[in-house]
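Trainee: I have a new model open on my screen and would like to learn my way around it. Could we go through it together?

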Amino acid sequence: TVGFMPGLTVTGAVRALRARHPHVDVTVLRTSWDDQTAVLHDGRADVSYLRLPADQRGLRVRPLFTEPRVVVLRADNRLAGKESVALADLADEHLLQDPDAVPEWRDVATELRTGAREPEPFVRTVEEKLEHVAAGRGVVVLPLSTATFYTRPDVVAVPVRDLAPNHVCLAWDAARRSRLVQEFVAIAEEQAATTQAGPPTVLT
């Protein structure tokens with residue numbers, strides 16, 4: 001079982017492993033920020049694509065690629081028409097995420113400096129975050145591939161030019177010794193290296 005985070009397409013690597021081992025049932029499992037490592041520890045997934053930061057204790061982790069991060073805004077937001085923005089442009093916005101998830105924003109946020117930050121609503125999925133953005137409750141920072149995958153007309157994704165990229169890795173339980181996992185990792189690394197010659201947002 002291969003876990004994957006929203007926005008990542010893992011079809012190519014999964015298909016390649018199935019072709020090599022037609023007797024093996026290779027399945028996929030969609031994960032979220034709050035369970036992307038838990039699925040490895042509890043056995044729901046044998047290997048998983050992680051978006052950092054993530055708790056790597058007890059795991060072996062192999063970097064695959066990086067991709068830009070964007071801010072997702074309501075379509076009528078004052079910044080929605082920009083080709084790109086800087087972190088300073090987002091200082092007065094309300095982030096619908098744990099500030100520690102975007103420490104660069106945390107360091108410039110007006111509401112944190114003034115103590116005016118309101119508790120953010122509990123949002124677990126990308127879909128929920130986008131609903132809150134569309135309702136005008138704040139903004140979210142997402143990897144480019146995730147924002148592109150969930151395109152909708154009432155929100156706009158704008159590149160943040162001074163925001164560090166998101167790192168995508170493969171991870172598996174460090175205590176496991178599985179030939180199939182190692183083979184999948186090798187396939188995914190090869191495909192990621194090929195993909196880097198083009199858009200870095202999709203593994204095909």
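Mentor: Gladly! One term to begin with: a residue is called buried when its relative accessible area is under 20%. Keep in mind, too, that this model is predicted.

Trainee: Then let me start with strand β3. How many of its residues are buried?

Mentor: Strand β3 spans residues 47-51. On one side it has V47, Y49 and R51, and on the other S48 and L50, and both faces are covered. With under 20% relative accessible area as the cut-off, the number of buried residues in β3 is 5 of 5.

Trainee: Which residue of β3 is the bridge partner of G3?

Mentor: Look at strand β1, residues 2-4, which runs parallel to β3. The two strands are joined by 2 bridges. In β3, the partner of G3 is S48.

Trainee: And on the β8 side, which residue stands opposite Y49?

Mentor: Strand β8 covers residues 166-173 and runs antiparallel to β3, with 4 bridges between them. Opposite Y49 you will find L170.

Trainee: Which element gives the most residues to the largest nonpolar core?

Mentor: As a general tendency, nonpolar side chains in soluble globular proteins are buried together. Here the largest nonpolar core has 22 residues, and V2, V47, Y49, L170 and F184 touch the most other members. At least two residues come from each of β1, α1, β3, β4, β8 and α7. The top contributor, with 6 residues, is α7.

Trainee: How many residues are in the other core, the one with V85 and V102?

Mentor: That core lies apart from the largest one. Its members include V160 and L163 as well, and its size is 15 residues.

Trainee: Now to helix α5. Which elements do its buried residues pack against?

Mentor: The helix runs over residues 126-134, and its buried residues are V126, K129, L130, H132, V133 and A134. Just after the helix, G136 has a positive phi of about 85 degrees. The packing partners of the buried α5 residues are β5, β6, α6 and β7.

Trainee: What is the volume of the largest cavity?

Mentor: The structure holds 2 cavities of 30 Å³ or more. Residues lining the largest include P6, R30, W33 and R124, along with V126 and K129, two of the buried residues of α5. The space in this cavity is about 50 Å³.

Trainee: Last one: where does pLDDT stay under 50?

Mentor: The chain averages a pLDDT of 89, and 92% of the residues score at least 70. One stretch has 24 contacts beyond four places in sequence, yet its pLDDT stays under 50: residues 197-204.

Definitions and conventions: Residues numbered from 1 in each chain as written. Predicted model: local features only at pLDDT ≥ 70, side-chain atom pairs only at ≥ 80, totals over all residues. Heavy atoms only, no water. Buried < 20%, exposed > 50% of the residue type's maximum accessible area, 1.4 Å probe, protein only. Pairing = 2+ DSSP bridges. pLDDT = per-residue confidence, 0-100. Contact = heavy atoms within 4.5 Å. Core = buried A, V, L, I, M, F, W, Y, C linked by side-chain atoms within 4.5 Å. 1 Å grid on protein atoms, 1.4 Å probe; cavity = no way out; pocket = protein on both sides within 12 Å on 5 of 7 lines; lining within 4 Å. Points joined across faces, edges and corners; volume = space filled by probe spheres on them.
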